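Here are some short exercises to work through with the structure open in your viewer. Try each one yourself before you read the solution.

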Amino acid sequence: IWFGTDGGGVRKVTEGVFEAYTVQNELSSNLAKSFLEDDLGRIWICTKDQGINIYEGRQKVDEITQEDGLGGNDICSSMEDSQGNFWFASYNGTLTKYLTGTFTVIGPAQGLDCNSVYFVAEVGKDFLWIGTNNGLFELRNDRITKHYTDRDGLPSNVIYHILPEADGHIWLGTSTGLVEYRQGRFHLIASEEAIGKNGLCSLKDAMGTLWIGSVKGLAAMSGDSISFVKISGAPGAHTIVSLVMEGVQYLWVGTENGADRLNLHSFVPTQKAKFEHYTQKDGLPSLECNANAAFTDQNGALWLGTAEGAIFRPLGTERQEVKSPPKVYVTSIQNQEGLEWLEQGFEVQ
């Protein structure tokens, strides 16, 4: 369906591929920041200012806040460790562990000396790393055992993202670039000049390519080579805030100009990348995606957090644009001498 507007251009209606979770269907806040899935298949939507909402399908079944034991309602990120514990990082400088109804808050008393916790990741069998505004903390048995800062070789004390690898290498997204930790040392791999400041997110695909998102754009690192992959020239498209895989074929990229999907099976680094661009017409409640707010559940469904709510896309849901060719009518016929006959209503078969 096409329609014209008074000053707003021409619009086309297409079938949306995303379902929105907002305050209109009981989400406590539209600022969705991260997602987890429990053993019952319920989705935990963590918000920036109103704690956690638990959904079973489209139905909200529970809500968790500081009154229930959460360290802070202002959640920045979350993760599940190998033991089944849920962890929630809060902007107020606390980290909360949750297991079977019990909350354990990690804060100054346990050695977590910071104003904001940005990210938490399991980097070993029995310990976590915590990225904060005051360096990197190591947590064992619910207590801080190490604190890494610029005095230990960290190029920056602001850690936004942590990506551990099975071989022991750890990638850190910092305010001054991409940092690699190997053999007990921190190495600045890509500086602010190379990939831009504020390394917000990173991901490694099945082919071994490391994808890096920053305020400068989307970069792909293979071996020691780093190259930028342009999405578009639209405002906000160069600010990459989240990355997540859909299976092994598709890379989803959250930006400040909507979400984009790249088919890695047809991606050639030396050629222009072809992204599928998703906006409000596909069901996004906002073009502004949130940092690291990207998740795929056990059914392969995609979840993204935006500034105006969370969105859900079942696996295999694709755009459905109905191809309806217009009917063609003969409105006049002219012969060689220029004589014309009006034949209204004759449909061409």
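**Exercise 1.** Is aspartate 142 buried, partly exposed or exposed? Find its place in the chain and check its phi as well.

*Solution.* Keep in mind that this is a predicted model.
- Step 1: start with the accessibility. Aspartate 142 has a relative accessible area of 24%. Buried needs under 20% and exposed needs over 50%, so aspartate 142 comes out as partly exposed.
- Step 2: place the residue. Aspartate 142 sits in the loop between β14 and β15 (143-148).
- Step 3: look at the backbone. The phi of aspartate 142 is positive, about 65°, although the residue is not a glycine.

**Exercise 2.** Now do glutamine 183: which loop holds this residue, and is it buried or exposed?

*Solution.*
- Step 1: glutamine 183 belongs to the loop between β18 (177-182) and β19 (185-191).
- Step 2: its relative accessibility is 81%. The cut-off for exposed is over 50%, so glutamine 183 counts as exposed.
- Step 3: phi is positive here too, near 50°, and glutamine 183 is a residue other than glycine.

**Exercise 3.** How many disulfides does the structure hold? Check the burial of cysteine 114 and cysteine 289 while you're at it.

*Solution.*
- Step 1: the disulfide count is 0.
- Step 2: cysteine 114 has 13% relative accessibility, so it counts as buried.
- Step 3: cysteine 289 has 3% relative accessibility and counts as buried as well.

**Exercise 4.** Describe the surroundings of tryptophan 252, then follow its contact with arginine 261.

*Solution.*
- Step 1: tryptophan 252 is part of strand β25 (residues 250-255). With a relative accessible area of 1%, tryptophan 252 is buried.
- Step 2: list what touches it. Beyond four places in sequence, the contacts of tryptophan 252 include Phe18, Ser242, Glu246, Arg261, Tyr278 and Arg313.
- Step 3: pick out the polar part. The side chains of tryptophan 252 and glutamate 246 make a polar contact at 2.7 Å.
- Step 4: try a longer hop along the chain. Leucine 304 is 52 residues away from tryptophan 252 in sequence, and their C-alpha atoms are 9.7 Å apart.
- Step 5: move over to arginine 261, in strand β26 (residues 258-263). Arginine 261 has 2% relative accessibility, so this charged residue is buried.
- Step 6: find its polar partner. The side chain of arginine 261 is joined to that of glutamate 318 by a polar contact of 2.9 Å. Arginine 261 also touches Glu246, Trp252 and Tyr278, among others.

**Exercise 5.** Which strand holds leucine 136, and what does this residue touch?

*Solution.*
- Step 1: leucine 136 is in strand β14 (residues 135-140).
- Step 2: its relative accessibility is 0%, so leucine 136 counts as buried.
- Step 3: setting aside residues up to four places away, its contacts include Trp129, Ile130, Tyr148, Leu154, Ile162, Leu172 and Phe186.
- Step 4: check one distance. The C-alpha atoms of leucine 136 and valine 120 are 9.8 Å apart, with the two positions 16 residues apart along the chain.

**Exercise 6.** What is the volume of the largest pocket, and which elements line it? Repeat for the second largest pocket.

*Solution.*
- Step 1: the largest pocket comes to about 820 Å³. Its lining has 29 residues, and the closest to the centre are Ser78, Met79, Phe119, Ala294 and Phe295.
- Step 2: the elements giving two or more residues to this lining are β4 (32-37), β8 (75-80), β12 (117-122), β16 (159-164), β20 (201-204), β24 (240-246) and β28 (289-296).
- Step 3: sort that lining by class, and you get 16 nonpolar, 9 polar and 4 charged residues.
- Step 4: the second largest pocket has a volume of about 420 Å³. Of its 23 lining residues, Trp211, Ala220, Val229, Phe267 and Pro269 are the closest to its centre.
- Step 5: β22 (217-222) and β23 (225-229) are the elements with two or more residues in this second lining. β23 gives the most, with 4 residues.

**Exercise 7.** How many helices and strands does the chain have, and what share of its residues counts as buried?

*Solution.*
- Step 1: the chain has 1 helix and 34 strands.
- Step 2: of its 349 residues, 49% count as buried.

Terms used. Residues are numbered from 1 along each chain as its sequence is written. This is a predicted model: local features need pLDDT of at least 70, side-chain atom pairs count only at pLDDT 80 or more; totals for chains, interfaces and linings use all residues. Side-chain values use heavy atoms; hydrogens and water are left out. A disulfide is a pair of cysteine sulfur atoms within 2.5 Å. Buried means under 20% relative accessible area, exposed over 50%, partly exposed in between (1.4 Å probe, protein chains only). Contact means heavy atoms within 4.5 Å. A polar contact is a pair of N or O atoms within 3.5 Å; within protein, one must be able to donate a hydrogen and the other to accept it, and residues adjacent in sequence count only if both atoms are side-chain atoms. On a 1 Å grid over the protein atoms alone, a cavity is a set of points where a 1.4 Å probe fits but cannot get out, and a pocket is an open set with protein on both sides within 12 Å along at least five of seven lines; lining residues have an atom within 4 Å of a point. Grid points are joined across faces, edges and corners, and a volume is the space filled by probe spheres set on the points.
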